[in-house]
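Here is a short report on one predicted model. It takes up a record annotation, then a helix, then the charged pairs.

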Amino acid sequence: MTFIKSWEDFEKAAEKLYLANPMKVRYTMKYRHMDGALVLKFTDDAVCLQYRTEVQQDLKKIDRFMTNLMRHMVSSDK
């Protein structure tokens, strides 16, 4: 499993993966204290997308993305 280097690339790919099959996609978020890194992982069992950051400013970007994703999940447009 490789990590996507750019946040913008990860965000676009993860949203595309979710919109392709919302019932199958899941994500995890893990903080590794030893590395001081936050790792995000999106998968649908066929495709696995990972992003890793040590930069605190990325937390706001991640929060906005997760809020946007939650809006997709609760919307009635399917």
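An unreviewed UniProt entry lists residues 4-73 as "domain: SRP9". In this predicted model, that span is 43% helix and 29% strand. Its end C-alpha atoms lie 24 Å apart.

**Helix α1**

Helix α1 covers residues 7-20, which makes 14 residues. From first C-alpha to last, α1 reaches 20 Å. That is close to the 20 Å expected at 1.5 Å a residue.

Five positions in α1 are named as buried: W7, F10, A14, L17 and Y18. Viewed down the axis of α1, the buried residues fall within an arc of 95°, so they line one face of the helix. What do they pack against? The buried residues of α1 pack against β2, β3 and α2. K12, K16 and A20 are on the other side of α1, and they are exposed.

**Salt bridges**

How many salt bridges does the structure hold? There are five. Three of them, with their N to O distances, are tabulated here.

| Basic residue | Acidic residue | N to O distance |
|---|---|---|
| R26 | D45 | 2.9 Å |
| R32 | D35 | 2.7 Å |
| K61 | D58 | 3.6 Å |

Take the salt bridge between R26 and D45. R26 lies in strand β1 (residues 26-32), and D45 sits in the loop between β2 (37-43) and β3 (48-53), so the pair ties together parts that are 19 residues apart in sequence. R26 is partly exposed, at 44% relative accessible area. D45 counts as exposed, at 54%.

In the salt bridge of R32 with D35, each partner is partly exposed. R32 has a relative accessibility of 36%. For D35 the value is 33%.

The third pair lies within one helix. K61 and D58 are three residues apart in helix α2 (residues 58-74), so about one helical turn separates them. Is D58 buried or exposed? D58 is buried, with a relative accessible area of 10%, because the cut-off for buried is under 20%. K61 is partly exposed, at 29%.

Some salt bridges share partners, and these join R32, D35, R52 and E54 into one network.

**In brief**

Helix α1 turns a buried face toward β2, β3 and α2, while K12, K16 and A20 are exposed on its other side. Among the salt bridges, the R26 and D45 pair links strand β1 to the loop between β2 and β3. The K61 and D58 pair stays inside helix α2.

Methods. Residues are numbered from 1 along each chain as its sequence is written. This is a predicted model: local features need pLDDT of at least 70, side-chain atom pairs count only at pLDDT 80 or more; totals for chains, interfaces and linings use all residues. Side-chain values use heavy atoms; hydrogens and water are left out. UniProt positions are given in the numbering used here, feature names are shortened, and annotations may be inferred rather than shown by experiment. Helices (H or I, at least four residues) and strands (E, at least two) are DSSP runs, numbered from the N terminus. A salt bridge is a side-chain nitrogen of Lys or Arg within 4 Å of a carboxyl oxygen of Asp or Glu. Buried means under 20% relative accessible area, exposed over 50%, partly exposed in between (1.4 Å probe, protein chains only). The expected span of a helix is 1.5 Å times one less than its number of residues. The arc is that of the directions from the helix axis to the C-beta atoms. Contact means heavy atoms within 4.5 Å.
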